[in-house]
Amino acid sequence: MLRITDILDKTQSYLTAQEMELLEKAYIFSASVHQGQLRLSGEPYLTHPMEVAGILADMKLDAPSLATGLLHDTVEDTLTTIGEIENNFGKEVAFLVEGLTKISKITLGNREERQAENFRKMILAMSSDIRILLIRLADRIHNMRTLEFHAPERQEYIAKETLELYAPLANRLGIDWMKVELEDLAFRYIDPEQYNLLARNVAQSKEKRESYTEEVKAIIQDAMGKFGISAEVEGRAKHFYSIFQKMQEQHINFSEVYDLIAFRIILNSDKDKDCYEALSIVHALWKPIPGRFKDYIAMPKVNNYRSLHTTVIGPHGQRVEIQIRTKEMHAWAEEGIAAHWRYKEKLTDKTKEGEQIQKLRELLELHQDLQNPHEFMSNLKVALFPDKVYVFTPKGDVKAFPKGATPIDFAYSIHTDVGHQCVGAKVNQSIVSLKYELQNGDIVEIITQAGHYPSKDWLKYSVTSKARAKIKNWVSAQEKEKSINLGRDLLEREFQRQHLKFSQIIKSNDIKKVYDEYGISSPEELMGIVGYGKVSAKRVVKYFLPEAEAKTENATTEKKGRKEIVPTTTGISLTGIEDVLVRFAKCCDPIPGDDIVGFVSRGRGINIHVADCPNVRGMGTERFVNVSWNIKEKHTYPVNMRVRCIDKKGILAEISAVISSLDVNISHAEINTEPHIEAVCDFVIDVHDLKQLNQIVAAIKKLDAVTSIERLKKA
């Protein structure tokens, strides 16, 4: 266990005596209130805040941050109040602790809703102080280091959240070491078999790799010295998750990954031009591979990362990846905002640190008003991945976009009105489709037309958070208006059929009983839910019929609609909605255990999708409904599954035998071969729930020939 003296030793070089006294006081307070509490590992709970503070000390954060690291769980896990924290440690520490207090005490809503609220709260707090995010990341690092003591299902959930949200956040802040560790730790629990296999392969090649590393370093160091360039040369193996990603993306085996080692030339200079001189020396030594040069100095990454990247054919014909940067660039590449954060002097917008923090705030704040938790989390995940293309405005200004961005994204980056009124685009002075994917170096010009408005189809080929949010807002407003008009027509017709005047009843006090029933408060909301198909006009009318007529009407409706309306006996519970047809979406084939979302389809009931289904992204948020599994009888559900494996005789029979041994029916099987001697086996199997599917996946992974397995969802 880390001791307080260890933390004080780490901080004595940059904290004052008074600040170190604050840390000792925070340690004593934390030890006192956490006394008797244990972690799942059996260790005293105090080990966790101590380790978090140790990570923050390594990052050289200020005294209030370190004190917060020691105190961050006191309000949540003990009887301590924010008032006590403020009285003992001041307003600054109290603010940071409050910002870090977890949302886990909220028990309402499903898992996704709780996760969304957790991140929403973190974003709001971070908008006032970026240190809250840095401390939260340190907290997640230690939790991931001790994840082995959780149950397997909990391990997988935390690991996925880490990979999808926390690692990208660390990357967005430029803290590379933290991103790398979070990715590798998450990978270890998400796919332990692949992780362990990769670890063994990397370990087996260690001796040969180290010898090659020293050879290349010596050659580079000697060449730099001959030209009078002072530099340090580093060489290290890429981290496990990046190797795994490359294998997946290129469909190759470990033995085919040739650039396992990344070399860095760190110049003892602060001049950008020296990096280009070093690059020319490297290219004189070895032939560069076309298309593998990237200039992140002229065009920095979205997280302000700056460096030159090149890949060359090095000694013995092996591919060698080399990064060239100054010491200042290297400090940012490794530590990001944590390396340059100034706590005792306010950042200005002119500093690169201030600009980076502002970019992150804008990125996250764009989504915090979204009401639907699934859309909030989906948009946040998409926004955090920074693979970029760089294009130019007609005036020569550089704009960065995610890969796959189109002229629509470019238009909305200029102004919302430019986006709405976009009717076409010129790229490099030629007219292109709005579906055109922007490429590095493109010069883009937007053509607008007054009175033109966006189409819902634009969501299919726009990728930036800003563009998608603005389009969805417009489409939602239009759909809402259409639904209100449709709902009004349906209600007026149904009331007229019963010889009632809707225009009079909607103004009477009697309508309030309908409002109370459906949790609404205005005529527009009533018309809207009828227009969306959430409530039928007949159901509204029955509130205003004499009791005998209402019963007759209900009986007639049931008789007429028996073949069309199916009560929700499909194992799905719907919040506040009854007697509605439920369908399972064919694009993602939900099964019990999946996180799911319901989407109201006009005239077709409710479609149930897996929460991360690609098709859900483009749907109107106001037509989502809360749904959950409510299994009373066992059913089977189809699942599309793809198994990649080494192509050998009898492999299809082996996989089929494993599935059949678990008493699971295979309704379809197909096998195709691909380059690199690989076979792709597609199956449709009938399972009872996610637990059974996971058992099948685990059993198939044990086959030596299998390289990967995934559940397919159709876009």
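**A hairpin, a small sheet and two cores in a predicted model**

In this predicted model, strands S4 and S5 form a hairpin with 5 residues between them, and His 316 in the turn has a positive phi of about 65°. Most residues other than glycine have a negative phi. The two arms of the hairpin, S4 and strand S5 (residues 319–326), run antiparallel and are joined by 6 bridges. In one of the pairs to look for, His 309 stands opposite Gln 323 in S5. Strand S4 (residues 308–313) also pairs with strand S3 (residues 294–295), again in the antiparallel sense, over 2 bridges; here Asp 295 has Leu 308 in S4 as its bridge partner. Strand S4 is mostly covered, with 5 of its 6 residues buried.

With the hairpin in view, the whole chain can be introduced. It has 29 helices and 20 strands, and buried residues make up 50% of its 715 residues. Of the contacts between residues at least 6 apart in sequence, 66% join residues at least 24 apart.

In soluble globular proteins, nonpolar side chains tend to be buried together. The largest nonpolar core in this model has 96 residues, and those touching the most other members are Ile 85, Leu 137, Leu 182, Ile 265, Ile 322 and Ile 324. Leu 182 gives a good view of such surroundings: apart from neighbours within four places in sequence, Leu 182 is in contact with Leu 137, Arg 140, Ile 141, Met 144, Thr 162, Tyr 166, Ala 167 and Ala 170. A second, separate core has 24 residues, including Met 641, Ile 651, Val 697 and Val 706.

Further along the chain, two helices and two strands are worth a closer look. Helix H28 (residues 651–661) packs against helix H29 (residues 690–701) at an angle of about 145°, and their axes are 10 Å apart. The crossing of H28 and H29 is right-handed. Where the two helices touch, Ile 655, Val 658 and Ile 659 in H28 meet Ile 696, Ala 699 and Ile 700 in H29. By class, this contact has 6 nonpolar residues, with no polar and no charged ones. As for the strands, strand S17 (residues 637–646) pairs with S19 in the antiparallel sense over 10 bridges, and one of the residues involved, Asn 640, has Val 684 in S19 as its bridge partner. Strand S19 (residues 678–687) is mostly covered, since 9 of its 10 residues are buried.

Another sheet to find is an open one of 3 strands, in the order S9-S8-S10, with antiparallel pairing. Its edge strands, S9 (430–432) and S10 (444–448), each pair on one side only. Neighbouring strands of this sheet are turned by 35° against each other on average, direction ignored. Strand S8 (residues 422–427) pairs with S9 over 3 bridges, and Ala 425 has Val 432 in S9 as its bridge partner. Helix H20 (residues 407–414) lies across S8, S9 and S10, running at about 80° to S10.

The loop between S8 and S9 holds Gln 429. Its phi is near 70°, a positive value in a residue other than glycine. Gln 429 counts as exposed because its relative accessibility is 77%, and exposed means over 50%. A useful contrast is Asp 589, which sits in the loop between strand S12 (582–584) and strand S13 (596–601). Asp 589 also has a positive phi, of about 45°, although it is not a glycine. Asp 589 is buried, however, because its relative accessible area is 10%, and buried means under 20%.

Two helices complete the tour. Thr 47 belongs to helix H3 (residues 47–58) and counts as buried because its relative accessibility is 6%. Leaving aside neighbours within four places in sequence, Thr 47 is in contact with Met 1, Arg 39 and His 142. In helix H25 (residues 523–531), the buried residues are Leu 526, Met 527, Gly 528, Ile 529, Val 530 and Gly 531. Their cover includes helix H22 (465–497), helix H23 (502–505), helix H24 (512–518) and helix H26 (537–541). After H25 comes Gly 533, with a positive phi near 90°.

Technical notes
Residues are numbered from 1 along each chain as its sequence is written. Side-chain values use heavy atoms; hydrogens and water are left out. Two strands pair if DSSP finds at least two bridges between them. Helices (H or I, at least four residues) and strands (E, at least two) are DSSP runs, numbered from the N terminus. Axes are lines fitted to C-alpha atoms, for helices over the stretch in contact, and angles run from 0 to 180 degrees between N-to-C directions. Contact means heavy atoms within 4.5 Å. A nonpolar core is a set of buried Ala, Val, Leu, Ile, Met, Phe, Trp, Tyr and Cys residues joined through side-chain atoms within 4.5 Å. Buried means under 20% relative accessible area, exposed over 50%, partly exposed in between (1.4 Å probe, protein chains only). A crossing is left-handed if the near helix is turned anticlockwise from the far one by less than a right angle, and right-handed if clockwise. Ala, Val, Leu, Ile, Met, Phe, Trp, Tyr, Cys and Pro count as nonpolar, Asp, Glu, Lys and Arg as charged, and the others, Gly among them, as polar.
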